[in-house]
Amino acid sequence: MQEVNRMAMEKPGYRDVLERIRAESNGELVTVAEAAKITGYSKDMVTQRFDGWQRQGRAKRIPATALARQLC
């Protein structure tokens, strides 16, 4: 019996979106302000619309990979 590889496939455009996010942010963790600028949403809308925010002190950040996955 042959094994079936069931890896998750990347959505079309994921790599392009990820590269754009990385180019427009200051690292792998994207701030609320950076995410708002990248997406065109307000800061409030960005925090409500996307999941995966992490707290660092008083600031919220989201991994670039999580943001890219949700934008595709």
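The following is a conversation about a predicted model and the terms used to describe it.

User: Before we start, how do you know which residues and atoms count here?

Analyst: Residues are numbered from 1 along each chain as its sequence is written. Because this is a predicted model, local features need pLDDT of at least 70 and side-chain atom pairs count only at pLDDT 80 or more, while totals for chains, interfaces and linings use all residues; side-chain values use heavy atoms, with hydrogens and water left out.

User: Happy with that. Why is Ser-25 called buried?

Analyst: Buried means under 20% relative accessible area, exposed over 50%, and partly exposed in between, with a 1.4 Å probe and protein chains only. Ser-25 has 8% relative accessibility, so Ser-25 counts as buried.

User: And where does Ser-25 lie?

Analyst: Ser-25 lies in the loop between helix H1 (14-24) and strand S1 (29-31). Helices (H or I, at least four residues) and strands (E, at least two) are DSSP runs, numbered from the N terminus.

User: What makes the side chain of Ser-25 a partner of the backbone oxygen of Ile-21?

Analyst: A polar contact is a pair of N or O atoms within 3.5 Å; within protein, one must be able to donate a hydrogen and the other to accept it, and residues adjacent in sequence count only if both atoms are side-chain atoms. The side chain of Ser-25 reaches the backbone oxygen of Ile-21 at 2.9 Å. A polar atom of that side chain also lies 3.0 Å from the backbone oxygen of Gly-27.

User: Which residues does Ser-25 touch, not counting those up to four places away in sequence?

Analyst: Those are Val-30 and Glu-34, where contact means heavy atoms within 4.5 Å.

User: Let's turn to helix H2. Which of the residues of H2 are buried?

Analyst: In H2 (residues 32-39), the buried residues are Val-32, Glu-34, Ala-35, Ala-36 and Ile-38. Their cover includes H1, S1, helix H3 (43-49), strand S3 (59-63) and helix H4 (64-71). After H2 comes Gly-40, with a positive phi near 90 degrees.

User: How do you know that Ala-36 is buried?

Analyst: The relative accessible area of Ala-36 is 11%, so Ala-36 is buried. Ala-36 is found in helix H2. Leaving aside neighbours within four places in sequence, Ala-36 is in contact with Tyr-41, Ser-42, Lys-43 and Val-46. The C-alpha atoms of Ala-36 and Val-46 are separated by 6.0 Å, with the two residues 10 apart along the chain.

User: What makes Met-45 partly exposed?

Analyst: Met-45 has a relative accessible area of 38%, so Met-45 is partly exposed. Its place is in helix H3, and the C-alpha atoms of Met-45 and Val-32 are separated by 9.8 Å.

User: Why does Glu-24 count as partly exposed?

Analyst: Glu-24 has 37% relative accessibility, so Glu-24 counts as partly exposed. Glu-24 belongs to helix H1, with 8.7 Å between the C-alpha atoms of Glu-24 and Lys-37.

User: Why is H1 called oblique to H4?

Analyst: The axes of H1 and H4 come within 9 Å and cross at roughly 135 degrees. That crossing makes H1 oblique to H4. Axes are lines fitted to C-alpha atoms, for helices over the stretch in contact, and angles run from 0 to 180 degrees between N-to-C directions. Angles under 35 degrees count as roughly parallel, over 145 as roughly antiparallel, 65 to 115 as roughly perpendicular and the rest as oblique.

User: Which residues meet where H1 contacts H4?

Analyst: Tyr-14, Val-17, Leu-18, Ile-21 and Arg-22 in H1 meet Ala-64, Thr-65, Leu-67, Ala-68, Arg-69 and Leu-71 in H4. The residues of this contact divide into 8 nonpolar, 1 polar and 2 charged. Here Ala, Val, Leu, Ile, Met, Phe, Trp, Tyr, Cys and Pro count as nonpolar, Asp, Glu, Lys and Arg as charged, and the others, Gly among them, as polar.
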